[in-house]
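Here are my notes on this one, written as numbered points. Have the viewer open while you read.

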Amino acid sequence: WGISKLREGFQDKAVFDIVDLRYQSQLIVQKTGGGKSAIFQCAGTILGINGGVTVVVEPVHMVACDQVERANRPDKSVVAVYIDMLSNDEVKMFDDWLFKKEKKESIFVFTSPQSLDPEHKFGGTLIKRLCHHKLLRLVVIDEAHMVSTTDKSFRPHFANMKQNLFCYAKQYKVPVVAMTATMTHNLLQSFYDLSGIKEFESVLWGDVSRRDVEIICCTKPVPTHYMKATVGKHLTVNKQSRAIIYSNEKHYAMVNAKNAISNVFEKKNIAEYIFSVHGDTALTLKQWAAKNFCNNMGNDATSFPIRVLTATESAECGIDSPDCSLCICIGPPPSLASLSQRLGRVGRNQTRKSGDNFVIILSVPTFNFLVRRAEKHLSKDERDRHMNEMLQVMRFLIIQEECMHVKLEKIFSEPGTFDA
């Protein structure tokens, strides 16, 4: 995996809890960019020696692709596949290899929640077969907060996992580890309800120290003008920096924000690219955009210097760029989980002393849009849930006595109250 050392007091303790103490269920809460992935990578590699399998339920396509690419190193001590990206022939070959041949490698199977649905040809029976062959060593639920935070969440698919994943894990005593940067009491209860887990045996909190990010909250009647000025200044001062702009509305991300930044680049003679990512963007295109935004890919034919991403909440997770030093939200994020995830896009470069900005532009039109979207839900429960989340964010943003990070920690509860 390319990991030279685990961080003392957090990563090493989490791996010890999984491998040695064998907690049957564990929740790991750590801010974005805090090293959650290294925990299941190391634990799964140790538990999976001689052909054991770690199943990672990964709802973020870009993250799954990145993990598989990182895992398949030349020494072949770890084999990783993402079943959502396998062709029918590749699925058959992998199935034959997985169940019919002796292996020395540790095996990681990444899957979306949808691919574990009962009707899926391979994933629908995967957990049952792994358990019957005594191959399953660890189950990981990444980005566990997504169980109920977005309109297009994997909530129905997660409900299916109660029977075809969690029940088998419990029956065969396979450890289940849930990981997230955002776990409020409401989200925790949703996870319990849909998974059948009554209570996590262990809850491990990572570093809750504040990111070195300047948080700016302002009201602007025309957010586009302010956004253009801020992005233009930021990118010209630092030639390596990148920016991500979030909108709650797909049209704004695709058209208004993108055109505005293109205009800034043209005026300042910046020969770079802007790209939009939203819920309808093809998965392969999302993966390509994330790679170009997050990494220096060299000069191959598919490489473009993307300096700015305009996006909706579909790109809140999986964008891990140390050069991203500016995040702008046009309007209040739709939930506290969204707010926490968006804040995590900046402040990821430990060597950069300061200069990272997180900007929320509040305006009446964007607030009204969130109200209309909440009202569109068919059931009263869904309408109430989204409206309450939105009002929580609004109360949170207009409280001036406390800084945003302190308020976040209080709303997400003190770590001690989670200690099972």
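1. Let me begin with the buried acid in one of the salt bridges: Asp95 has 14% relative accessibility, so Asp95 counts as buried (buried is under 20% relative accessible area, exposed is over 50%, partly exposed is in between, with a 1.4 Å probe and protein chains only). Asp95 forms a salt bridge with Arg129, and the closest N and O atoms are 2.7 Å apart (the criterion is a side-chain nitrogen of Lys or Arg within 4 Å of a carboxyl oxygen of Asp or Glu). This pair links distant parts of the chain, with Asp95 in helix H4 and Arg129 in helix H5 (residues 126–132), 34 residues apart. Arg129 is partly exposed, at 25% relative accessibility.

2. A word on provenance. This is a predicted model, where local features need pLDDT of at least 70 and side-chain atom pairs count only at pLDDT 80 or more, while totals for chains, interfaces and linings use all residues. Residues are numbered from 1 along each chain as its sequence is written, and side-chain values use heavy atoms, with hydrogens and water left out.

3. Now the overall picture. The protein has 14 helices and 13 strands, taken as DSSP runs numbered from the N terminus (H or I of at least four residues for helices, E of at least two for strands). Of the 420 residues, 55% are buried. Among contacts with a separation of 6 or more, 79% are between residues 24 or more positions apart (contact means heavy atoms within 4.5 Å). The accessible surface is about 19500 Å², and carbon and sulfur atoms hold 52% of that (Shrake-Rupley method, 1.4 Å probe; for residues, only the protein chains shown count as cover).

4. Which residues touch the most other members of the largest nonpolar core? They are Val109, Leu130, Ile141, Phe166, Phe191 and Phe200, in a core of 45 residues. Helix H6 (residues 155–171) gives the largest share of this core, six residues. There is also a second, separate core of 28 residues, which includes Val277, Phe293, Leu309 and Ala311. A core here is a set of buried Ala, Val, Leu, Ile, Met, Phe, Trp, Tyr and Cys residues joined through side-chain atoms within 4.5 Å.

5. Back to the salt bridges: a search of the whole structure turns up four. Asp96 and Lys92 make one of them, at 3.5 Å from N to O. Both sit in helix H4 (residues 88–100), four residues apart, about one turn of the helix. That spacing makes sense, because an α-helix has 3.6 residues a turn, so residues three or four places apart point the same way. Asp96 is partly exposed at 25% relative accessible area, and Lys92 is exposed at 54%.

6. Arg342 and Glu316 deserve a look too, since their side chains meet in a salt bridge at 2.9 Å, N to O. Arg342 lies in helix H11 (residues 336–343) and Glu316 in the loop between strand S11 (306–311) and strand S12 (324–330), so the pair ties together parts 26 residues apart in sequence. Both ends are buried: Arg342 has a relative accessible area of 0%, and Glu316 has 5%.

7. Asp117 is another buried acid, with a relative accessible area of 6%. You'll find Asp117 in the loop between strand S4 (106–111) and H5. Leaving out residues up to four places away in sequence, Asp117 touches Gly124, His157, Asn160 and Asn164.

8. On cysteines: the structure holds zero disulfides (the cut-off is a pair of cysteine sulfur atoms within 2.5 Å). For Cys324, the nearest cysteine sulfur is that of Cys327, 6.5 Å away. Cys324 is buried at 1% relative accessible area. Cys329 also has the sulfur of Cys327 as its nearest cysteine sulfur, at 4.5 Å, and Cys329 is buried at 0%.

9. Last stop, helix H7 and what follows. Within H7, Leu187, Leu188, Ser190, Phe191, Tyr192, Leu194 and Ser195 are buried. Gly196 comes after H7 and has a positive phi, near 85 degrees. Is Lys198 buried or exposed? Lys198 is exposed, at 77% relative accessibility, in the loop between helix H7 (185–195) and strand S7 (202–205). Lys198 and Ser25 are 173 residues apart in sequence, yet 9.7 Å apart in space, C-alpha to C-alpha.
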